[in-house]
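Reader: I'd like to learn how to read a structure like this one, feature by feature. Can you walk me through it?

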Amino acid sequence: IRTIHAGVEASRGYAIPDWAYRDVLYMLIDYSERAYALLHRPLTDAERSELFDVFRRVGAGMGVPDLPATYPDWLTD
């Protein structure tokens with residue numbers, strides 16, 4: 001994902017800031033949880049943790065710093 005965005009950064013002449021990657025990652029976590037609840041049912045605590053963990057690993061793989069370690073930490077952040 002970072003590689004794909006490298007072209008965007010090159011054409012703009014500046015790097016996408018880490019906070020922007022983190023904001024989109026957080027939005028994806030939130031939208032995923034809300035969409036599932038709307039279409040099916042609210043997620044269980046275990047499912048929320050799993051959802052968060054998947055997106056946290058994506059963020060970590062992209063090199064996004066300062067990601068919260070747990071779902072409750074993400075809620076606070």
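Reader: Let's start inside. Which helices each supply at least two residues of the lining of the largest cavity?

Author: The general idea first: rolling a probe the size of a water molecule over the atoms shows where empty space is left. On a 1 Å grid over the protein atoms alone, a cavity is a set of points where a 1.4 Å probe fits but cannot get out, and lining residues have an atom within 4 Å of a point. Here H2 and H3 each supply at least two lining residues of the largest cavity. Helices (H or I, at least four residues) are DSSP runs, numbered from the N terminus.

Reader: What should I know about the model before trusting such details?

Author: This is a predicted model, where local features need pLDDT of at least 70 and side-chain atom pairs count only at pLDDT 80 or more, while totals for chains, interfaces and linings use all residues. Residues are numbered from 1 along each chain as its sequence is written, and side-chain values use heavy atoms, with hydrogens and water left out.

Reader: Back to the cavity, then. How much space lies in the largest cavity, in Å³?

Author: About 30 Å³, where a volume is the space filled by probe spheres set on the points, and grid points are joined across faces, edges and corners. The structure holds one cavity of 30 Å³ or more. Its lining consists of Leu25, Tyr26, Ile29, Phe52, Arg56, Leu67, Pro68 and Trp74. H2 gives the largest share of that lining, three residues.

Reader: And open space? Which residues are the closest to the centre of the largest pocket?

Author: A pocket is an open set of grid points with protein on both sides within 12 Å along at least five of seven lines. The largest pocket in this model has a volume of about 170 Å³. Of its 13 lining residues, Ile1, Tyr21, Val24, Leu25 and Met62 are the closest to the centre. H2 and H3 are the elements that give two or more residues to this lining, and H2 has the largest share with five.

Reader: Now the rings. How many aromatic pairs are there?

Author: A pair of aromatic rings is described by the distance of the centres and the angle of the planes. Rings of Phe, Tyr and Trp (its six-membered ring) pair if their centres lie within 6.5 Å; planes under 30 degrees apart count as stacked, over 60 as edge-to-face and the rest as tilted. That rule gives two aromatic pairs. In one of them, Tyr26 and Trp74 have ring centres 6.1 Å apart and planes at 80°, so they sit edge-to-face. Tyr26 belongs to helix H2 and Trp74 to helix H4, so this pair ties together parts that are 48 residues apart in sequence. Tyr71 and Trp74 make a tilted pair, at 5.4 Å centre to centre with 40° between the planes. Both of those residues lie in helix H4, three residues apart, about one turn of the helix. Ring pairs thus link Tyr26, Tyr71 and Trp74 into a cluster.

Reader: Is Trp74 buried or exposed?

Author: Buried means under 20% relative accessible area, exposed over 50%, and partly exposed in between (1.4 Å probe, protein chains only). Trp74 is buried because its relative accessibility is 9%. Tyr26 is buried too, at 15%, and Tyr71 is also buried.

Reader: On to charges. How many salt bridges does a search of the whole structure find?

Author: Side chains of opposite charge can pair when their charged atoms come close. The rule for a salt bridge is a side-chain nitrogen of Lys or Arg within 4 Å of a carboxyl oxygen of Asp or Glu. The search finds five. One of them joins Asp30 and Arg34 at 2.8 Å, N to O. These two are four residues apart in helix H2, so about one helical turn separates them. Asp30 is partly exposed at 23%, whereas Arg34 is exposed at 56%.

Reader: Which residues are linked in a network of salt bridges?

Author: Glu33, Asp45 and Arg48 are. Within that group, Arg48 and Asp45 meet at 2.9 Å, N to O. Arg48 is buried at 18%, while Asp45 is exposed at 60%.
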